[in-house]
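Biologist: Could you take a close look at the central sheet in this model for me, and then show me how the surroundings look? Take your time, one long answer is fine.

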Amino acid sequence: MSHTEIINNTTELHSRLMIRILIRPLLFLTKALPLPILRTLSVPIMAFFYVIYPTWRRTTNSNLRHVLGKKTPDWKIHKASLKIYKNYGKYVADLSHLTHAEPDKVLRLISKTSGYEHLKEALGHGKGAILLTCHMGNWELGGIILSKLGHTVNVVYFPDASAHLEEERKTFRRTKGVNQIILENSNFSSIKMLKALQRNELVALQGDKLFYDKGIDVSFFGAPAKFPRGPILLAMTANAPILPSFIVFNKDHSYHTIIDKPIYMKKTKDREKDLLTNLNNVAAVLEKYIKKYHTQWYCFSPFWREDAHKTHIS
């Protein structure tokens, strides 16, 4: 079995377990309970999950070992790992609750926005821009914020293993004015993305998962990890810049929206070399933010190739 297949199978199993214990109860309660209570309830649920499923724990700990360094004490790894689970619970609670809320209520949770000038710079070239993020914080909020500011946002998504959660996400985007492009194993998705960029719109993509993509090995925190080719190929084809973008939790449970400087694609006669160079440039920015906000990076499957068949600590 390939590295990608192991990751996909592990992710699917994790998602099914999550559905039974966390997602369905929260979706049931989301209309009846206020957000602070939902967030509070999610914390012990995820702490329970962390304790009773050692495979999840080992995988998250192993990923964190790369991020925080080989010499990091085990207790620090465990502490950060548990925090990831708690933050993910808050993400699900927020997503579930805000699906049924007015856009203005969603925007009130945003306490700070950084880098909007980078977005204006990128769109100033008339080629659109690719908002590249990872599974961090609450990435779903970005489309709403930019839509309210007058931008057309097209979110590219791969259907979640949970039909319940996927329906919440689709409803969340649809009711908040965000366009959706389903990622398919064909050229149709790419054509829709290219057309959106040609209209000088925004295309939002995840850069830390492989879907219909064999990926390319890139040095990430000092070890090889596979990143998808798709976002880079799209940017090179459309001559569009990539904007690394993130929405992270603050200590007071509000959100901080971050748009980093645009990354312009290098294009020479050596396409494969350019692809690797551009991907390395993007991965370096993702590494910076994952390092800073490592307890908000929801990667519950082995991210590094060397960890597909083993974990470092339990």
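Modeller: Here is a walk through the sheet, one strand in particular, and then some of the other elements.

First, a caveat: this is a predicted model. The protein has eleven helices and nine strands. Of its 314 residues, 56% count as buried. If you take the contacts with a separation of 6 or more, residues 24 or more positions apart account for 76% of them.

Now the sheet. Seven strands form an open sheet with mixed pairing, and reading across you get β1-β9-β8-β2-β5-β3-β4. The edges belong to β1 (110-114) and β4 (179-182); each has a single partner strand, so one side of each is left without a neighbour in the sheet. On average, neighbouring strands here are turned by 25° against each other, direction ignored.

The strand I'd zoom in on is β5, which sits between β2 and β3 in that order. On one side, β2 (residues 129-133) runs parallel to β5 (residues 202-206), and five bridges join the two. If you want specific pairs to click on, Leu132 has Leu205 of β5 as its bridge partner, and Thr133 stands opposite Gln206. On the other side, β3 (residues 153-157) also pairs with β5 in the parallel sense, over three bridges. There, Val153 has Leu202 as its bridge partner in β5.

So what about the two faces of β5? In a regular strand the side chains alternate between the two faces of the sheet. In β5, Leu202, Ala204 and Gln206 point one way, while Val203 and Leu205 point the other way, and all are buried. Five of the five residues of β5 are buried, so the strand is largely enclosed by the rest of the structure.

For contrast, have a look at β6 (residues 216-220). Its covered face is made of Ile216, Val218 and Phe220, while Asp217 and Ser219 make up the uncovered one. β6 runs antiparallel to β7 (residues 223-227), with five bridges joining them. One pair to look at is Asp217, whose bridge partner in β7 is Lys226. The hairpin of β6 and β7 has two residues between the strands, and Phe221 takes a positive phi there, near 55°.

On to the helices. Two packed helices are described by the angle between their axes and the distance between the axes. Take α9 (residues 188-198) and α10 (residues 230-238): their axes come within 10 Å and cross at roughly 45°. That makes α9 oblique to α10. The crossing in which α9 passes α10 is right-handed. Met193, Leu194 and Leu197 of α9 make the contact with Leu234, Thr237 and Ala238 of α10.

A second pair is α2 (residues 35-52) with α4 (residues 74-98). Here the axes come within 8 Å and cross at roughly 140°. That makes α2 oblique to α4. You might be tempted to call that angle antiparallel, but that label is kept for angles over 145 degrees. The crossing of α2 and α4 is right-handed. The contact list is worth loading as a selection: from α2 it includes Leu35, Leu38, Ser42, Met46 and Tyr50, and from α4 it includes His78, Leu82, Tyr85, Gly89, Ala93 and His97.

Then there is α3 (residues 54-68). With 15 residues, α3 reaches 20 Å from its first C-alpha to its last, close to the 21 Å expected at 1.5 Å a residue. Eleven of those 15 residues are buried, so α3 is largely enclosed by the rest of the structure. Polar names turn up in the buried set too: among them are Arg57, Asn61, Ser62, Asn63, Arg65 and His66, alongside others such as Trp56, Leu64 and Val67. Right after α3 comes Gly69, whose phi is positive, near 110°.

One last stop, back by a strand of the sheet: Lys266 lies in the loop between β9 (255-259) and α11 (271-292). Is Lys266 buried or partly exposed? With 42% relative accessibility, Lys266 counts as partly exposed. Leaving out residues up to four places away in sequence, Lys266 touches Met236, Asp274, Thr277 and Asn278. Met236 is 30 residues away from Lys266 along the chain, yet their C-alpha atoms are separated by 7.8 Å.

Methods:
Residues are numbered from 1 along each chain as its sequence is written. This is a predicted model: local features need pLDDT of at least 70, side-chain atom pairs count only at pLDDT 80 or more; totals for chains, interfaces and linings use all residues. Side-chain values use heavy atoms; hydrogens and water are left out. Helices (H or I, at least four residues) and strands (E, at least two) are DSSP runs, numbered from the N terminus. The expected span of a helix is 1.5 Å times one less than its number of residues. Buried means under 20% relative accessible area, exposed over 50%, partly exposed in between (1.4 Å probe, protein chains only). Two strands pair if DSSP finds at least two bridges between them. Axes are lines fitted to C-alpha atoms, for helices over the stretch in contact, and angles run from 0 to 180 degrees between N-to-C directions. Angles under 35 degrees count as roughly parallel, over 145 as roughly antiparallel, 65 to 115 as roughly perpendicular and the rest as oblique. A crossing is left-handed if the near helix is turned anticlockwise from the far one by less than a right angle, and right-handed if clockwise. Contact means heavy atoms within 4.5 Å.
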